[in-house]
Amino acid sequence: MDMFTGSLYNNMKWKNHTNLENFPAFLHYMVNEEIKFVADRMLGKLATYLLMVGFDTLYFREKEITLLLRIAREQNRIILTRDTRLIKGIAVQRSIFVIDDKPIDQVRQVLKEMDLHVNMDDCFCRCLRCNRRLRKTTAAEVAHKVPPYVLISHTEFSECLHCNRVYWKGTHHKRMETMIQTLADPRRP
Ligand SMILES: [Zn+2]
């Protein structure tokens with residue numbers, strides 16, 4: 001273990017990893033280029049927020065734990081869960097046990113545990129429905145997909161080529177942007 005790895009290793013939080021056979025999520029991140037999550041069915045808002053700030057996040061709506069574990073293993077995803085069975089029962093799975101009730105605090109916890117930072121340039125680049133990267137497009141190209149009042153009042157659009165959903169900066173956008181800015185602010189705990 002070199003000095004850099006050693007210092008990160010020492011900074012790791014073990015408190016949420018009740019099973020030491022669990023390969024710690026933070027170390028996992030160090031050996032992978034892109035971090036990927038799968039959020040369990042209790043964490044829909046957390047999944048949406050992580051998608052909003054640009055992290056590859058699957059929202060797993062089903063009850064079947066074995067399928068969730070398989071997806072995490074096969075796709076190399078870190079499990080975000082509030083289900084103690086997932087944390088305690090299964091070894092050699094990378095996971096974060098989400099403590100907070102409020103979604104915004106849940107995002108803060110995940111960012112902190114993974115030592116991740118929000119980059120404003122990465123925000124709003126993923127489809128909130130299917131996790132795919134969005135493509136920037138023009139009003140002309142999406143004219144047949146959005147209501148006329150949106151077309152005349154907006155100039156910037158992006159679309160998901162997988163599910164065909166179109167995105168624009170609607171009424172909720174400013175509120176979401178403000179929320180994201182608080183996450184990106186390094187002065188905030
Ligand atoms: Zn999509």
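The following exchange concerns a sheet and two helices of a predicted model.

Local features here need pLDDT of at least 70 and side-chain atom pairs count only at pLDDT 80 or more, while totals for chains, interfaces and linings use all residues. Residues are numbered from 1 along each chain as its sequence is written.

Visitor: Which strands stand at the edges of the open sheet?

Guide: Four strands, paired in parallel, form the open sheet in the order S2-S1-S3-S4; strands are DSSP runs (E, at least two residues) and helices likewise (H or I, at least four), numbered from the N terminus, and two strands pair if DSSP finds at least two bridges between them. A strand with a single partner has one side left without a neighbour in the sheet, so the edges are formed by S2 (56–59) and S4 (95–97).

Visitor: Which residue in S4 stands opposite isoleucine 79?

Guide: Strand S3 spans residues 78–81 and pairs with S4 in the parallel sense over three bridges. Opposite isoleucine 79 stands serine 95.

Visitor: Which side or sides of H6 hold Gln106, Val107, Val110 and Glu113?

Guide: In helix H6 (residues 103–114), these four residues are buried, a term that requires 20 or more other C-beta atoms within 10 Å of a residue's own, with C-beta atoms placed from the backbone. An α-helix has 3.6 residues a turn, so residues three or four places apart point the same way. Gln106, Val107, Val110 and Glu113 cover an arc of only 135 degrees around the axis (taken from the directions from the helix axis to the C-beta atoms), which puts them on the same side of H6.

Visitor: What phi does aspartate 115 take?

Guide: Aspartate 115 comes just after H6. Its phi is positive, at about 55 degrees.

How values were computed
Expected span 1.5 Å × (residues − 1). Buried ≥ 20, exposed ≤ 12 C-beta atoms within 10 Å, placed from the backbone.
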